[in-house]
Amino acid sequence: QVQLVESGGGLVQAGGSLRLSCAASGRNWSYYNMGWFRQAPGKEREFVAAISWSTYYANSVKGRFTISRDNAKNTVYLQMNSLKPEDTAVYYCAAGQKYSSTYSAYDYWGQGTQVTVSS
């Protein structure tokens, strides 16, 4: 079992930055691939970024967001720069055995943190 808790969301103006954190616990969590997803009101949950031995990003955030992990601190981060109103969503951290952009590939999920970008 892996437990995930996100933090760092909030309200920010367009063009601003936020850093999301995902605190992980549980046996062997560092062996899991990690991902960030987001879900806006009325929309399906969508892939944002993933990290294994490399990183992978959705086209919509490439060049603006950076995913990283610090296994010593049991934490995964999502640095979000140049934020746009369309980035407004609940952001979820996920852990899975597959390195994937597919929702169903992930086994464990956090509760989510709200990010709101005002224009």
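Which residue in β3 stands opposite glutamate 6? Glutamate 6 faces cysteine 22 there, in a predicted model where local features need pLDDT of at least 70, side-chain atom pairs count only at pLDDT 80 or more, and totals for chains, interfaces and linings use all residues. Residues are numbered from 1 along each chain as its sequence is written, and side-chain values use heavy atoms, with hydrogens and water left out.

**Sheet**
- Four strands (DSSP runs of E, at least two residues, numbered from the N terminus) form an open antiparallel sheet in the order β1-β3-β8-β7, where pairing requires at least two DSSP bridges between two strands.
- Because β1 (2–7) and β7 (65–70) stand at the edges with a single partner strand each, one side of each is left without a neighbour in the sheet.

**Strand pairs**
- β1 is joined to β3 (residues 18–26) by six bridges, and six bridges likewise join β3 to β8, with leucine 20 and leucine 78 as bridge partners.
- β7 pairs with β8 over six bridges, with arginine 69 opposite valine 76, and in the hairpin of these strands, which has four residues between them, asparagine 74 takes a positive phi near 55°.

**Core**
- The largest nonpolar core (buried Ala, Val, Leu, Ile, Met, Phe, Trp, Tyr and Cys residues joined through side-chain atoms within 4.5 Å) has 37 residues, and Leu4, Met34, Trp36, Leu78, Met80 and Tyr91 touch the most other members.
- In β8, five of the six residues are buried, meaning under 20% relative accessible area with a 1.4 Å probe and protein chains only.

Key
Buried means under 20% relative accessible area, exposed over 50%, partly exposed in between (1.4 Å probe, protein chains only).
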